[in-house]
Amino acid sequence: MKKLLSLLLSLSVLLSGLALSMTAEAASYKTQLKNAGFPDSYIDSLVSLHNKYPNWEFKPFKTGLSFSAAVSGERSSHRKQILERGYGDKYYCSCSSCKKNGSYVYQYSGCYSASQWAVEHYMDPRNWLDEKHIFQFESNRYSAEHTQSGVEAIIKNTWMKNANITYVNTEGKTVTFTNNGSKVKYSKAIMEGAKAHNISAYYMASRIVKEVGSTKPSASGTVGTKKPFVGMYNYYSIGATSGGMSGLEWASGFLLAKKNTTMYSKYSSSTGKRSGTKTSISSGQRMSYIGTYGDNYKVKLYSGSYTTNGAVGYIKKSALRTTYFNYSRPWTNPYRSICGGAWYISDKYLTYQYTTYLEKFNVNKSSGMLYEHEYMQNVDAPSTEAVSKYNAYKNAGQLSKKKVFYIPVFSNMPNDTSSSSQSSSGSGTSGSSSSSKVTGLKVSATAPTTISVKWKAVSGASKYYIKINNQTKGTTFSKTVTSASSKLNGLTKGNVYKIWVRAYKGGKWTGYSSAVKARCKPGKSKIKSISSTGRGLIKTTWKKKSGADGYQIVYSRDKSFKNVVARKNVKGTSYTGKNFTKGRTYYVKVRAYIIYGGKKYYGKYSAAKSVKSK
């Protein structure tokens, strides 16, 4: 018995010593962070990350700016700070220039100006000190730790996943890219571009996905069929200041005539001479590159409005401006775009804007271009790309390895970040109360762009904070309300959303509720054509609905659809029904549906159309 007591006493002393050692270590690390220059409001979050990832190193990037001055500088032009549709009103600027006649003004396709609150929220580094979003502060310089499998993890939801580069060339033909006779995957091109230009492969992959990533290469910079820039690619949307076409013009190298010259319609490779129809070309004439033939370029003419009916022919290189044939431009295939874009970004940004945060918010005085020379305009870009980098490291088993984060520090920072914090862990901010958590959260898609949410009211709570993550796009936004229910409007049809709620009680935010998912219904369908092809067959086609999993087509003998004779669920956007009675008129309507949680959720029916069976 004495031996047992002695053993227990020794164990108790050992554990007490270990606890004291751990406490001392935590206190010591706090002191290190403070001595390095981190304010108190950063410390708890960084200590928590250090405890989980002791090899991570945090360095303060001392901006020498007050937070309010930095926000004001970034908002000197509201057009520079934008957000896509789908966020709450709090996120959009409502000044007289950004909101007119009750509607937000589009600054770019599908984007509004961000509000001051939104800019403050995304600029405040303390809102992003969790294990996922902190990667916006990681250096974007080359890392030998990055792997091709890690890149594949980032591009897994796009057409590039495990795929060889196939594209449309400048002559309009579909070809497969090869390098030294071997096919090249998109992920390998990214790895090669990263190593060649001393830039992070994971950053490159995340940037490409953010700019043009989709299940299909449908963006202007990836499709390769946009006239007059057939065969041109811009995977980073560099220079796309007014849309995808301006980005393709940038990728084509701004080729134009630097003097009056002549274009010929034909070229002989055997003689090296031009012939055929002559066209007089004036100085300043714009043209898109097609190919190189001896000392000539084959080109397509176009005007400032990108008209596509310009003539095609051969012009002497010496008569053309090629000043912007740099960074491997013109980008006549995806490989050149991927690697040339890496070269451009590395050359233009990595000296002073070496993190994703600094590329969006240039608060580095040493750059000489404070609040300018910003690669991206979406204020949420750093946080969303950070998650892509995190996932790549996680899937490659590299999260615990050494990493360095350069975290901006401003003077006179706001005291309270709790109302805007969006920690992806769902655990709330430091010091939040875990008691009185919101329970009973229920969500339902009530319209194509609306989800209704409700929960059990928390006694004594003065307000609630709803965090909404678009699982389809990987973006996050929020909404604050005073009642125990709300409607989330302006969402994207067919997209999946993950939702949490927490309460503000007794001067603190509680922990988040358990997350609940919902998916928006598809929008109203529209029939394109309907015809009877004989032998009792009726063919119907309709427009594709974004996010739809399938469609339901209904046939009736009356326009009120009281006498339904057939109902069919199909996957595609056309269907031919059989065995209809010759000479009888039938009415047809279509609606899209999504499948979520094993159930079908239907959008609105199209307008009905009629046809007489033959």
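This is a short tour of a few places to select in the structure, which is a predicted model.

Begin with helix 4, which you can pick out by selecting residues 116-123. This helix is mostly covered, with six of its eight residues buried, and the buried ones are Trp117, Ala118, Val119, His121, Tyr122 and Met123. To see what covers these buried residues, add the surrounding elements to your selection, including helix 3 (67-74), strand 2, helix 11 (356-360), helix 12 (381-395), strand 17 (403-411) and strand 21 (475-481).

From there, go to Cys98, in the loop between strand 2 (82-84) and strand 3 (99-100). Is Cys98 buried or exposed? Its relative accessible area is 3%, and because of this low value Cys98 counts as buried, the cut-off being under 20%. If you show its surroundings and leave aside neighbours within four places in sequence, you will find Cys98 in contact with His78, Cys93, Ser103, Tyr104, Val105, Gln107 and Ser113. Select Arg79 as well: Cys98 and Arg79 are 19 residues apart along the chain, and their C-alpha atoms are separated by 8.8 Å.

The next stop is Ser206, which belongs to helix 7 (residues 201-212). Ser206 has a relative accessibility of 2% and therefore counts as buried. A polar atom of the Ser206 side chain lies 2.8 Å from the backbone oxygen of Tyr202, a pair that can be displayed by selecting both residues. Beyond residues up to four places away in sequence, Ser206 touches Ile154, Glu385, Ser388 and Lys389.

Now turn to a hairpin by selecting strand 13 (residues 286-293) together with strand 14 (residues 296-302), which pair in the antiparallel sense over seven bridges. One place to look along this pairing is Gly291, whose bridge partner in strand 14 is Lys298. Two residues lie between the strands of this hairpin, and Gly294 takes a positive phi near 60 degrees there.

Finish with the empty space inside the model. How many cavities of 30 Å³ or more does the structure hold? There is one cavity that reaches this volume, and the space in the largest cavity comes to about 70 Å³. To outline the largest cavity, select its lining residues, which are Glu84, Arg85, Gly86, Tyr87, Asn470, Lys473, Thr475, Phe477, Thr492 and Tyr497. Colouring this lining by residue type would divide it into three nonpolar, four polar and three charged residues.

Note on methods: Residues numbered from 1 in each chain as written. Predicted model: local features only at pLDDT ≥ 70, side-chain atom pairs only at ≥ 80, totals over all residues. Heavy atoms only, no water. Helix = DSSP H or I, 4+ residues; strand = E, 2+ residues; numbered from the N terminus. Buried < 20%, exposed > 50% of the residue type's maximum accessible area, 1.4 Å probe, protein only. Polar contact = N/O pair within 3.5 Å; in protein donor to acceptor, adjacent residues only side chain to side chain. Contact = heavy atoms within 4.5 Å. Pairing = 2+ DSSP bridges. 1 Å grid on protein atoms, 1.4 Å probe; cavity = no way out; pocket = protein on both sides within 12 Å on 5 of 7 lines; lining within 4 Å. Points joined across faces, edges and corners; volume = space filled by probe spheres on them. Nonpolar A, V, L, I, M, F, W, Y, C, P; charged D, E, K, R; others polar.
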